[in-house]
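Hi there,

Here is the structure I promised to pass on. Have a look at it first, and my notes follow underneath.

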Amino acid sequence: MRGPLLVAALWLALAPGEASAQSAALGLYSEGNDLYRRGEFAAARTRYLAAAGTGVRDARLFYNLGNACFKDGRLGEAVVWYERARRLAPRDEDVLANLRFLRRVKRDREEEGDGGFLYRLYLCPTLNELFAALSLSLAGLCAAAGWRLVRGPGAAAVVALGLCLGGILGSGAFAGTRLYQEVTLSEAVVTAADGQARSGPDPGQTPVFVVHEGTKVTVERREGEWVLVRLANGLGGWLPGELLTVI
């Protein structure tokens, strides 16, 4: 579990126009921490959920919520909140360690594909960091252009312009592909005890496989109350949407 002090500073600094709502969220977060320390995990989960319901997106809150869910016996929900925390803090060792632990204790023990080292490296920076790099490259390009105008043509100015332009192209392409992935890739977690996947979006269709709580799937499309999902091993099937929680 993590404390509220740094979170408070970040929330209030990032959204000064919403200080009242942020203050309420921080109060709920602090109450959740106190309840968690006393071992009242169900009540702590309720407070953390209320804090998340204010619209706050903070990896520390999501991490603590995952802890409370796990302690309350809600393994699927714990995976959801740890995954949400990982999207905000992809290098956080506590989040990654807890996800690895849950993969070992959940019933469906197949290894979830992570794409290997290069793919993990690709996911390492957050979107905020990539857009910050893009902004810095743009600022550097403007500064280099101004330097060249003031000082005249020179090798140093040309090199600076080239580096900044390369930074813009590289960070822009990187951020663009990541943003596209976030928009198009939909993942969910089974939060029911188990579910029977079928060959079509109807309870009378042929059973394909059974999934259990905590299993992460890729959502391919929806049809009514049914969702076509695909497992990490490539196997696909239709599940009732009520069994899943989108990450």
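What share of the residues of the protein count as buried? Of its 247 residues, 38% do, where buried means under 20% relative accessible area, exposed means over 50% and partly exposed lies in between, with a 1.4 Å probe and protein chains only.

Two notes before the details. This is a predicted model, in which local features need pLDDT of at least 70 and side-chain atom pairs count only at pLDDT 80 or more, while totals for chains, interfaces and linings use all residues. Residues are numbered from 1 along each chain as its sequence is written, and side-chain values use heavy atoms, with hydrogens and water left out.

The protein has nine helices and seven strands; these are DSSP runs numbered from the N terminus, with helices being H or I of at least four residues and strands E of at least two. Contact here means heavy atoms within 4.5 Å. Among contacts between residues at least 6 apart in sequence, 58% join residues at least 24 apart.

Now the inside. A nonpolar core is a set of buried Ala, Val, Leu, Ile, Met, Phe, Trp, Tyr and Cys residues joined through side-chain atoms within 4.5 Å. The largest one has 28 residues, and Tyr 48 and Leu 61 have the most contacts inside it. At least two residues of this core come from each of α2 (19–37), α3 (41–52), α4 (59–71), α5 (75–88) and α6 (93–105). The helix that gives the most is α5, with seven residues. There is also a second, separate core of 14 residues, which includes Ala 192, Phe 209, Val 219 and Leu 231.

Two of these helices deserve a closer look, starting with α4. Of its 13 residues, 10 are buried, among them Leu 61, Asn 64 and Cys 69. Its N-terminal end is capped by Asp 58, with a side-chain oxygen 2.8 Å from the backbone nitrogen of Arg 60. (A polar contact is a pair of N or O atoms within 3.5 Å; within protein, one must be able to donate a hydrogen and the other to accept it, and residues adjacent in sequence count only if both atoms are side-chain atoms.) After α4 comes Gly 73, with a positive phi near 80 degrees.

Helix α5 is mostly covered too, with 10 of its 14 residues buried. Those buried residues pack against α3, α4, α6, β1 (186–190), β4 (216–223) and β7 (244–246).

How many aromatic pairs does the structure hold? It holds five, counting rings of Phe, Tyr and Trp (its six-membered ring) whose centres lie within 6.5 Å; planes under 30 degrees apart are stacked, over 60 edge-to-face and the rest tilted. Phe 62 and Trp 81 have ring centres 5.0 Å apart and planes at 55 degrees, so they form a tilted pair. This pair links α4, which holds Phe 62, to α5, which holds Trp 81, 19 residues apart. Tyr 63 and Tyr 82 are also tilted, because their planes are at 50 degrees, with centres 5.9 Å apart. Tyr 63 lies in α4 and Tyr 82 in α5, so this pair also ties together parts 19 residues apart in sequence. Tyr 82 is buried at a relative accessible area of 2%, and Tyr 63 is buried at 8%.

One last detail: the charged end of Arg 84 sits over the ring of Trp 81, 4.5 Å from its centre. The cut-offs for this are NZ of Lys or CZ of Arg within 6 Å of the ring centre and within 35 degrees of the ring normal.

Best wishes
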